Amino acid sequence: MTVKPFDLFIIGGGVNGCGVARDASGRGLRVGLAEMNDLGSATSSASTKLFHGGLRYLEFFEFNLVRESLEEREILLRAMPHISWPMRFVLPYAPGMVFDPTTPLSRGLRFLMPWLAGRRPAWLIRAGLFLYDHMGGREILPGTRRVDLDRDPVGVPLRKEFTRAFEYSDCWVDDARLVVLNAVDAYQRGATIMPRTKVIQALRVEEKKPMWEIHTQHENGSKQVFYARVLVNAAGPWVTKVIGQLAQQDGQETRADTIRLVRGSHIITHKLFNHPKSYFFLGEDGRIVFAIPYLKDYTLIGTTDVPHESPDEPAVCSPWERDYLCAAVSRYLHRPVEKRDIIATYSGVRPLYEDGAVSATAASRDYFLRLDDAPGAPLLTIYGGKITTYRRLAQAVLTSLEQYFPAMGPAWTGQGAPLPGGDFPVDGFANLVDDLASAYPFAARQLLARLARTYGTMAHQVLAGAKTKEDLGAYFGADIYARELDWSKRHEWVVTAQDFTQRRTKTHLWLEEAQMRAIDAYLQS
Ligand code: FAD
């Protein structure tokens, strides 16, 4: 054997793979993780970026998923107050609004109250929000309130026909940083994290015990072989492709469930409104579209549910999705959103567990784990899931592997353990920026606030020893200095300008082509 065997080898460095790596290494297991591209470069950086219970899932009677997700919001918020924060959502209400006719609630109402014809009376929406407020052990987040849109500032950008709204709480999260911080934590607890490394083959072999023999190839062409007691397939949209490869090479039967690939796109415009709250708009087709304040200067609008052929087909926002999103928000806003308002788009593919649902929108967002341990070394496959449930999913993975590692530590991630940089109180962000400002008085507050949002208390490490602005090194635009690039190269596996500007930070929207090239050149040097 070339290297000492791992207990657990994980294929895929999205939120689920990195979450499992963190949990497992914190319990004392020897963990290896291979990600074929950059960490979080697939679905986990293309989400709507919400820790949410999923208000719409109540329409599908997915009470368990909603309750678990609601409970998670505050556990996660406490663990990472730098990259996640509470957000209020405004749901404008008009009596004529029609909801998705295919949901179980719609079908039930059609039978019990046919006169509603797909509409929802205000009391029913209020009842749903009451459940949402009380199902998930809410302590930090404020509850639902009614809003008079003629008087409240949130009514200003809306068309006059909307006079009433409900306002409820969920949380924002920087999805790509969530992934990398889980990887950093796993690494600090002993895991081997290998970005840009593809698993090209995995075979069940018999050494002293049954083992997995895992063959990888780095993007520079170099190949390596690893051994592990258990293999975890967290390949997201590629999950069945990986199983297909294993089954072929293994010569043994590996059961593959099916997934449904559903693309979701977002459009980004310049700021459409001047307050920090988000909108929850119901489209004409009964689907929901969010309009969310994004990165201080922008508005994020999404999302769609479009069947997607293959994980290898690039996920891009189609003209139809772009027009659909513009039309969905324009029904509500004074000033319609048009194609020319869009400054960027992004898309991701949901790897949903195939539950036979009638539509992509109706397919469950819950996760499903399959443990395959016969014969030889075990394989655990992850299907579906949400950013919001990644911690619980990781815990469930470890619970189902307890039988193979009886000496491993107990569950620990739900007990207030912060992610790197998140060791400060939920309401302590302003204090953290103040601390940084007194330690580094030469630095602009805007830069310090961005560093605090990105690195939390680790911002002190990024700036350690700097006495003047010159100590920050070369300047690249958008508050980016060489010092931060050096730090993220050393501590966060940054290789390209894209890794840094689109995932470790979200600075790309402020940068010109030439500035991106300069960052790339610096990182390669
Ligand atoms: P991924 O992030 O796709 O990770 C899988 C990784 O495996 C990839 O990086 C891939 O490169 C790697 N891989 C594949 N094959 C190999 C191989 N052979 N070797 C090495 N690596 C390999 N959830 C929420 O909770 N809140 C939201 O607001 C939300 N919004 C969403 C909006 C959209 C449009 C979409 C698409 C999803 C949204 N989700 C949301 C769901 C959430 O984003 C996903 O459930 C989650 O990101 C899936 O993570 P993952 O780790 O399973 O997959």
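Student: How far apart are the closest N and O atoms of the salt bridge that Asp23 forms with Arg27?
Tutor: Keep in mind that this is a predicted model, so the distance is a computed one. Asp23 and Arg27 are both buried. Their salt bridge brings the closest N and O atoms to a separation of 2.7 Å.

Student: Thanks! Which residue forms a salt bridge with Arg365, and are the two buried or exposed?
Tutor: Side chains of opposite charge can pair when their charged atoms come close. For Arg365, the closest N and O atoms of the bridge are 2.8 Å apart. Arg365 is buried, as is its partner. That partner is Asp305.

Student: How many residues apart in sequence are the parts that Arg365 and Asp305 tie together?
Tutor: Let's place each one. Arg365 sits in the loop between strand 16 (342-353) and strand 17 (367-372). Asp305 sits in the loop between strand 14 (298-302) and strand 15 (306-307). The pair therefore ties together parts whose separation in sequence is 60 residues.

Student: Which helices does the salt bridge of Asp434 and Arg445 tie together?
Tutor: The two side chains meet at 2.9 Å, N to O. Asp434 is partly exposed at 37% relative accessibility, and Arg445 is partly exposed at 46%. The parts they tie together are eleven residues apart in sequence. Asp434 lies in helix 9 (residues 429-439) and Arg445 in helix 10, so the pair links helix 9 and helix 10.

Student: Which residues are joined into one network by salt bridges that share partners?
Tutor: A search of the whole structure finds 41 salt bridges. Some of them share partners, and these make one network. Its members are Asp38, Arg196, Glu219, Asp499, Arg503 and Arg504.

Student: Let's move to open spaces. Which element gives the largest share of the lining of the second largest pocket?
Tutor: That pocket has a volume of about 980 Å³. Of its 32 lining residues, the closest to the centre are Trp85, Tyr294, Leu295, Lys296 and Arg453. Strand 4 (84-93), strand 13 (288-294) and helix 10 are the elements that give two or more residues to the lining. The largest share, five residues, belongs to helix 10.

Student: And how many charged residues are in the lining of the second largest pocket?
Tutor: The lining divides by class into 15 nonpolar and six polar residues, plus a charged group. The number in that charged group is eleven.

Student: What about closed spaces: how many charged residues line the second largest cavity?
Tutor: Four cavities of 30 Å³ or more turn up in the whole structure, and the second largest holds about 40 Å³ of space. Helix 10 (445-455), helix 11 (459-463) and helix 12 (482-491) each supply at least two residues of its lining. The lining includes Leu447, Leu451, Val462 and Tyr481, together with Asp479, Arg483 and Glu484. By class, it has six nonpolar residues and no polar ones, and the charged residues number three.

Student: Finally, which residues make the nonpolar surface patch of about 270 Å²?
Tutor: Phe61 lies in the loop between strand 3 (50-51) and helix 2 (63-79), and it counts as partly exposed because its relative accessibility is 44%. Leu131 is in helix 4 (residues 122-134), and with a relative accessible area of 38% it is partly exposed. A further phenylalanine completes the patch, which is made by Phe61, Phe63 and Leu131.

Key: Residues numbered from 1 in each chain as written. Predicted model: local features only at pLDDT ≥ 70, side-chain atom pairs only at ≥ 80, totals over all residues. Heavy atoms only, no water. 1 Å grid on protein atoms, 1.4 Å probe; cavity = no way out; pocket = protein on both sides within 12 Å on 5 of 7 lines; lining within 4 Å. Points joined across faces, edges and corners; volume = space filled by probe spheres on them. Helix = DSSP H or I, 4+ residues; strand = E, 2+ residues; numbered from the N terminus. Nonpolar A, V, L, I, M, F, W, Y, C, P; charged D, E, K, R; others polar. Patch = residues over 30% accessible without salt bridge, like charges linked within 9 Å, V, L, I, M, F, W, Y side chains within 5 Å. Areas by Shrake-Rupley, 256 points an atom, 1.4 Å probe, with all protein chains shown as cover. Salt bridge = Lys/Arg side-chain N within 4 Å of Asp/Glu carboxyl O. Buried < 20%, exposed > 50% of the residue type's maximum accessible area, 1.4 Å probe, protein only.
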